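Grab a coffee and work through these exercises with the model open beside you. Each one has a task, followed by a solution in steps.

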Amino acid sequence: MEIFKEEALILFSTPIYVLIIGLEIILSYLHNKHYYTFKDTLTNIYLSALNFSLDIIMRVVCLAVLAYFNQYQLLSIENVYAYWILLFLLQDFAFYWEHRIDHTSRFFWAVHVTHHSSEKYNLTTGFRSSVFQPMYRFLYFVPIALLGFKGMDIMFVYAATQIYGILVHTQYVKKLGFLESFLVTPSHHRVHHASNIKYLDKNMGMVLIIWDKLFGTFQKEEDETEYEKIKYGLTTNLEQPHHPTKIVFHEWKNIVDDVKKPIPFSTKLKYIFNPPGWSHDGSRKTSSELRKEKGFKN
């Protein structure tokens, strides 16, 4: 019975995706917004298919690891409402830290960068998956399993919150009033995907924006007349943004090129694990260094 939870989510979410993506494509065309291109959308589908395939392969490993730690459960929550509410909060909190580390360690950024590599921003961008993330994502859920939550329940809540996470990838929904204070809204997530220096590595949450506000990674979306127009993509965009292998492996190649430099071993390790943009000679800058140069708060 447990195995059908995620299947039910897929059956529930698929027609919603088809409807709202179709509507956004029509609106984009009618309003001459150019939010979509055929190649970009096809690339998003391609990356999503790669991620989904690896996710299926890794599911056995994921559930086995979570089941192993669950046998040592530290808590036993009898109240069903408390169980699911606490599980939601813990899972969203774990995702925040996974996402933050994906942005602040180059090794993991090399995986996650594919999700940010499009210069377009629309609902299909939510499917532009970090291909190799299923190989390590479940490790962030180990503490939750150890606390007494079942692996299938953890992955079900993760899949459910992903539905919400996909739906905030839109330029059509503007600010949402009081919801902006505690939810990740489309406005908050536009900031996350922006390559403007002020917006780099901000708003890491999936559903709740409270983690960003608590841990110093929150940034509101500024009015474009007061600041500047949002630019989507990377600080240095790819020359071949739709190449099937370069889009997945380009940052790994860059890491290898840096490690080959005639530098001490300790410096080579920094090129692998320090924040993206770090360089031993100052030739490149991290997001924190770029913000400092511009006088923005980190």
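**Exercise 1: Place a residue**

Ala160 lies in helix α6, where helices (H or I, at least four residues) and strands (E, at least two) are DSSP runs, numbered from the N terminus. Before going on, note that this is a predicted model, in which local features need pLDDT of at least 70, side-chain atom pairs count only at pLDDT 80 or more, and totals for chains, interfaces and linings use all residues. Residues are numbered from 1 along each chain as its sequence is written, and side-chain values use heavy atoms, with hydrogens and water left out.

Task: State whether Ala160 is buried, partly exposed or exposed, and how far Ala160 lies from Val173.

Solution.
- Step 1: Recall the classes: buried means under 20% relative accessible area, exposed over 50%, and partly exposed in between (1.4 Å probe, protein chains only).
- Step 2: Ala160 has a relative accessible area of 28%, so this residue is partly exposed.
- Step 3: From Ala160 to Val173 there are 13 residues in sequence and 21 Å in space, C-alpha to C-alpha.

**Exercise 2: Two helix packings**

Task: Describe how α2 packs with α6, and how α3 packs with α4.

Solution.
- Step 1: Two packed helices are described by the angle between their axes and the distance between the axes. Axes are lines fitted to C-alpha atoms, for helices over the stretch in contact, and angles run from 0 to 180 degrees between N-to-C directions.
- Step 2: For helix α2 (residues 38-70) and helix α6 (residues 151-167), the angle is about 125° and the axes are 8 Å apart. These two helices are therefore oblique to each other; angles under 35 degrees count as roughly parallel, over 145 as roughly antiparallel, 65 to 115 as roughly perpendicular and the rest as oblique.
- Step 3: Arg59, Cys62, Leu63 and Leu66 of α2 meet Gly151, Met152, Ile154 and Met155 of α6, with contact meaning heavy atoms within 4.5 Å.
- Step 4: Sort the residues of this contact: six are nonpolar, one is polar and one is charged. Here Ala, Val, Leu, Ile, Met, Phe, Trp, Tyr, Cys and Pro count as nonpolar, Asp, Glu, Lys and Arg as charged, and the others, Gly among them, as polar.
- Step 5: Turning to helix α3 (residues 80-104) and α4, their axes come within 6 Å and cross at roughly 100°. α3 and α4 are therefore roughly perpendicular to each other.
- Step 6: On the α3 side, the contact includes His99 and Asp102, and on the α4 side Arg106 and Trp109. By class, this contact has three nonpolar, five polar and two charged residues.

**Exercise 3: Read the rings**

Task: Classify the ring pairs Tyr83 with Trp84 and Phe141 with Tyr158.

Solution.
- Step 1: The structure holds 22 aromatic pairs. Rings of Phe, Tyr and Trp (its six-membered ring) pair if their centres lie within 6.5 Å; planes under 30 degrees apart count as stacked, over 60 as edge-to-face and the rest as tilted.
- Step 2: Tyr83 and Trp84 have ring centres 5.4 Å apart and planes at 80°, so this pair is edge-to-face. Tyr83 is buried at 11% relative accessibility, whereas Trp84 is partly exposed at 28%.
- Step 3: For Phe141 and Tyr158, the centres are 5.7 Å apart and the planes at 55°, so this pair is tilted. The pair links distant parts of the chain, 17 residues apart: Phe141 is in the loop between α4 (106-116) and α5 (142-146), and Tyr158 is in helix α6.
- Step 4: Phe141 is buried at 0% relative accessible area, and Tyr158 is buried at 3%.
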